[in-house]
Amino acid sequence: MSFKRIVVGTDGSDTAAVAVAQSLGLAHRIGAEVVVVTAYPKGEGGDASPAEVAQSVLRDVRRQHPDAAMDTRAGEGDPVDVVLSMSAETGADLVVVGNRGLTGKRVLGGIPDRISHHAPSSVLIADTRWAAILPTGADPHARQEVGKILIATDGSPTADAAVDAGAGLAAALGAEILLVCVNEESHARAVLQRTAHGLEGGPPIHRFAVAGDPPTRIVEVAAEAKADLIVVGNKGMHGMRRVFLGGVPNFVSHHADRSVLIVKTT
């Protein structure tokens with residue numbers, strides 16, 4: 001699985017700027033197109049119309065990344081509706097949103113939460129919280145390197161799809177793969193051995209066979225191993241038949257203190 005077109009939402013804030021920078025950096029490395037989207041409310045507001053303010057936000061993005069290839073679009077309406085409609089309109093296979101939300105809310109506030117549950121594509125929830133406490137002189141538009149990617153699997157076909165996407169990113173980004181399976185030890189080791197065998201010839205792989213509650217342990221292992229990105233499938237780790245997020249990806253996206261890629265595996 002590879003990503004060819006990325007849609008990223010912004011409201012012009014520093015936290016949203018981090019998500020935009022991450023999207024552009026990722027797209028550059030994997031050869032994807034980027035569409036930067038902003039939304040504006042209906043009606044008039046202040047000295048400039050909402051549509052004019054939205055265009056100003058997009059001009060700032062282009063100014064901040066003068067050498068980046070991107071398309072920019074503004075839409076009227078609810079931010080989630082605009083991002084999702086633009087995603088469908090452009091045929092995006094990845095939507096990126098910051099985990100503070102597009103309105104500076106707490107981690108995975110209303111907007112990223114709704115997008116992660118309703119996007120018809122894979123979703124990257126970029127860790128943007130550090131932008132809220134940037135030291136003087138730090139640049140929120142700088143692209144952050146991804147050196148370690150943790151991929152969670154239970155050996156199921158849907159998890160294999162997430163493994164494929166995560167391994168492809170690791171190869172493109174030159175990152176290490178941290179492969180984790182949460183189950184009884186002998187079963188977890190067998191799953192990891194089979195999965196790692198299918199990834200031979202790619203980036204370095206480190207295996208973690210651990211016991212306990214799957215979503216909790218995935219978040220803990222990611223923190224202990226200092227992973228930059230967690231990759232999970234959107235169906236959950238045990239074949240959960242939810243329309244959108246199953247229990248594991250939903251928990252991980254809400255509790256991980258790092259970026260999370262929820263791969264569309266259904």
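Two strands pair if DSSP finds at least two bridges between them. Helices (H or I, at least four residues) and strands (E, at least two) are DSSP runs, numbered from the N terminus.

Keep in mind that this is a predicted model: local features need pLDDT of at least 70, side-chain atom pairs count only at pLDDT 80 or more, and totals for chains, interfaces and linings use all residues. Residues are numbered from 1 along each chain as its sequence is written, and side-chain values use heavy atoms, with hydrogens and water left out.

**Exercise 1. Work out how E1 and E2 pair, then place them in the sheet.**

Step one: E1 and E2 are joined by five bridges and pair in the parallel sense. To pin down the register, take Ile6, which stands opposite Val34 in E2.

Step two: zoom out. The open sheet has ten strands in the order E3-E2-E1-E4-E5-E10-E9-E6-E7-E8, and its pairing is mixed. At the edges sit strand E3 (71-76) and strand E8 (205-210), each pairing on one side only. On average, neighbouring strands of this sheet are turned by 20° against each other, direction ignored; the angles run from 0 to 180 degrees between N-to-C directions, and axes are lines fitted to C-alpha atoms, for helices over the stretch in contact.

Step three: add a helix. Helix H1 (residues 14-30) packs on the sheet and touches strand E1 (5-9), strand E2 (33-40), strand E4 (94-98) and strand E5 (122-126). The direction of H1 makes about 170° with that of E1.

Step four: check the cover on E2. Buried means under 20% relative accessible area, exposed over 50%, and partly exposed in between (1.4 Å probe, protein chains only). Six of the eight residues of E2 are buried, making the strand mostly covered.

**Exercise 2. Describe the surroundings of E10: which strands pair with it, and which residues cover its two faces?**

Step one: on one side, strand E9 (residues 229-233) runs parallel to strand E10 (residues 259-263), joined by five bridges. Leu229 stands opposite Ser259, and Gly233 opposite Val263.

Step two: E5 also pairs with E10, here in the antiparallel sense over three bridges. Ile125 has Val260 as its bridge partner.

Step three: look at the faces. Ser259, Leu261 and Val263 lie on one side, Val260 and Ile262 on the other, and all are buried. Five of the five residues of E10 are buried, so the strand is largely enclosed by the rest of the structure.

Step four: carry on past the strand. Thr265 is in the segment after E10 and counts as buried because its relative accessible area is 14%. Leaving out residues up to four places away in sequence, Thr265 touches Thr158, Ala161, Ala162, Gly233, Asn234 and Lys235; contact means heavy atoms within 4.5 Å.

**Exercise 3. Find what H7 packs against, and say what is odd about the residue Lys226 that follows.**

Step one: list the buried residues of H7. They are Pro214, Pro215, Arg217, Ile218, Val219, Val221 and Ala222. Their packing partners are strand E6 (148-152), strand E7 (176-182), E8, E9 and helix H8 (247-255).

Step two: move on to Lys226, in the loop between helix H7 (214-224) and E9. Most residues other than glycine have a negative phi. Lys226 has a positive phi, near 60°. Lys226 is exposed, because its relative accessible area is 61%.

**Exercise 4. Characterise the crossing of H3 and H4.**

Step one: two packed helices are described by the angle between their axes and the distance between the axes. The axes of helix H3 (residues 79-90) and helix H4 (residues 110-118) come within 9 Å and cross at roughly 35°.

Step two: the crossing is right-handed, meaning the near helix is turned clockwise from the far one by less than a right angle.

Step three: name the residues that meet. From H3 come Pro79, Val80, Asp81, Val83 and Leu84; from H4, Ile111, Arg114, Ile115 and His118.

**Exercise 5. Decide where the model calls for caution.**

Step one: pLDDT is the predictor's confidence in each residue, from 0 to 100. The protein chain averages 86, and 84% of the residues score at least 70.

Step two: pick out the weak stretches. Over residues 101-109 the pLDDT is below 50, with 24 contacts in the model beyond near neighbours in sequence. Residues 237-245 also stay under 50, and the model gives them 19 contacts beyond four places in sequence.
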